[in-house]
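Work through the exercises below with the model open. Each task is followed by its solution.

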Amino acid sequence: MTCGRRVVRVTVVVVGAGIAGLACARELGDAGVPARVLERSDEPGGRLASVSLDGRFADIGAAYVTADDPSFQGRLQSWRIEGLARPWTDTFRGQHGPGPMRWSAPAGLRSLAHSLAAGLDITYGTEVTELPEAEYVVLAMPGPEALRIADLPAARDQSWDPVLTAVLTYPRRSWDDFHGMFVNDHPAVATICDDGDRRGDRAPVLVAHSTAQFARDEASDLTRDETSRLTQGGLTQGGLTHGGLTHGGLTQSGLTRGGRPRVGRGGSRDAMVTAVNGVLGIEEAPETAYRLWPYAQPRPLPGDFARSGNVYLCGDVFGRPRVQTAWLSGRAVAEDILRVRSGRPPSSPRRSATS
Ligand SMILES: Cc1cc2nc3c(=O)[nH]c(=O)nc-3n(C[C@H](O)[C@H](O)[C@H](O)COP(=O)(O)OP(=O)(O)OC[C@H]3O[C@@H](n4cnc5c(N)ncnc54)[C@H](O)[C@@H]3O)c2cc1C
């Protein structure tokens, strides 16, 4: 990078301010190694995503956070002390056996990413298309997105499922109390969460996640324009309307609103509304907003991260696809960079897949 006449070589550039990239940059910063973070979106969090709809945040990506790793449990407890996270529930309808404690965030789960991002050197609104110059580059994102930057074998080897998220805002709460549910064996809907219960404000808002197959079918019907509207920023409200998405107003984060369920192009999405209303015995039609995640859930790869020369790849593909996994993967990359810089041998040769 050029700074006046001097060429300053940045030590580490982290591409992606999702939970993995943030954890990596923070760990490096704490160890005194400067890291510059580049993020294409205008805020941190990636799939740890909350968007503002009419001034209220709804969680549209990760539904909750769970922790069984001691260091991540410590991170959650710190967020709890700061008032950012709280234990939500260990009980979901449709779960088989006892569930883990699921944590939520009163200000939306993205607030946890904002907390990690505080004080870091992050440039937003920057889509990286080629490998930046730096001693080390960390690509903290799904493999298919990393492939647009560099042809890394570990990125090629990944397999991802999409998810369509529907945010359903009702005139009132007309369903029996529940926290969340797995809608087992349904063709359209996989999970439903009561966002008002999750956030603690009792707003009449439900968030449903589709099955992978439903999202795949839905995505295959979209034009390129529609796909980019549904996948970028936050949500699309009012369904995929034609041209001006003015009804209800697009939120800053770009969620697309759909209004009342409708028929015609994009109308298949209303199968999610029909499913949610059917499962919960709701008769009223909600306002709808949608967000498509083309890379929502990966098939896990072994190791904590991958490395090709001075380029690292990290994220939730390295373990169960969870926020915790992304956080641990980002930290593991930071530890490896610190190790390599200090000339220490690897402590556990199986931690990374080097290609
Ligand atoms: C619908 C859904 C439900 C989920 N439910 C849960 C759950 O209940 N519990 C749970 O633990 N996990 C859940 N997850 C998974 C969880 O969200 C992820 O594991 C975690 O957020 C992944 O973090 P990450 O940093 O690895 O990747 P991401 O969050 O995807 O971050 C990647 C970042 O890189 C940026 N980026 C990509 N390409 C570029 C580029 N070229 N230039 C610059 N920036 C770029 C992106 O904008 C993004 O900010 C869910 C995910 C989805 C989609």
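Helices (H or I, at least four residues) and strands (E, at least two) are DSSP runs, numbered from the N terminus. This is a predicted model: local features need pLDDT of at least 70, side-chain atom pairs count only at pLDDT 80 or more, and totals for chains, interfaces and linings use all residues. Residues are numbered from 1 along each chain as its sequence is written.

**Exercise 1.** Describe the shell around the ligand.

Start with the nearest residues: of 39 around the ligand, Gly16, Gly18, Gly46, Gly315 and Asp316 come nearest (near means a C-beta atom, placed from the backbone, within 6 Å). Next, assign elements: α1 (19-30), β11 (160-169), β17 (287-298) and α10 (323-342) each supply at least two shell residues. With three residues, α1 gives the most. Finally, place the ligand: it lies between domain 1 (2-42 + 124-159 + 300-354) and domain 2 (160-298), because both give residues to its shell. The domain bounds come from an automatic or database domain assignment.

**Exercise 2.** Determine how α1 and α10 pack.

Take the axes, lines fitted to C-alpha atoms over the stretch in contact, with angles from 0 to 180 degrees between N-to-C directions. The α1 and α10 axes are 7 Å apart, at an angle of about 35°. Then list contacts (C-beta atoms, placed from the backbone, within 7 Å): Ile19, Leu22 and Ala23 are among the α1 residues that meet α10, whose side includes Val323, Trp327 and Ile337.

**Exercise 3.** Assess the confidence.

The average pLDDT (the predictor's confidence in each residue, from 0 to 100) is 87, and 83% of the residues score at least 70. Over residues 239-255 the pLDDT is below 50.

Technical notes: Two residues are in contact if their C-beta atoms, placed from the backbone, lie within 7 Å.
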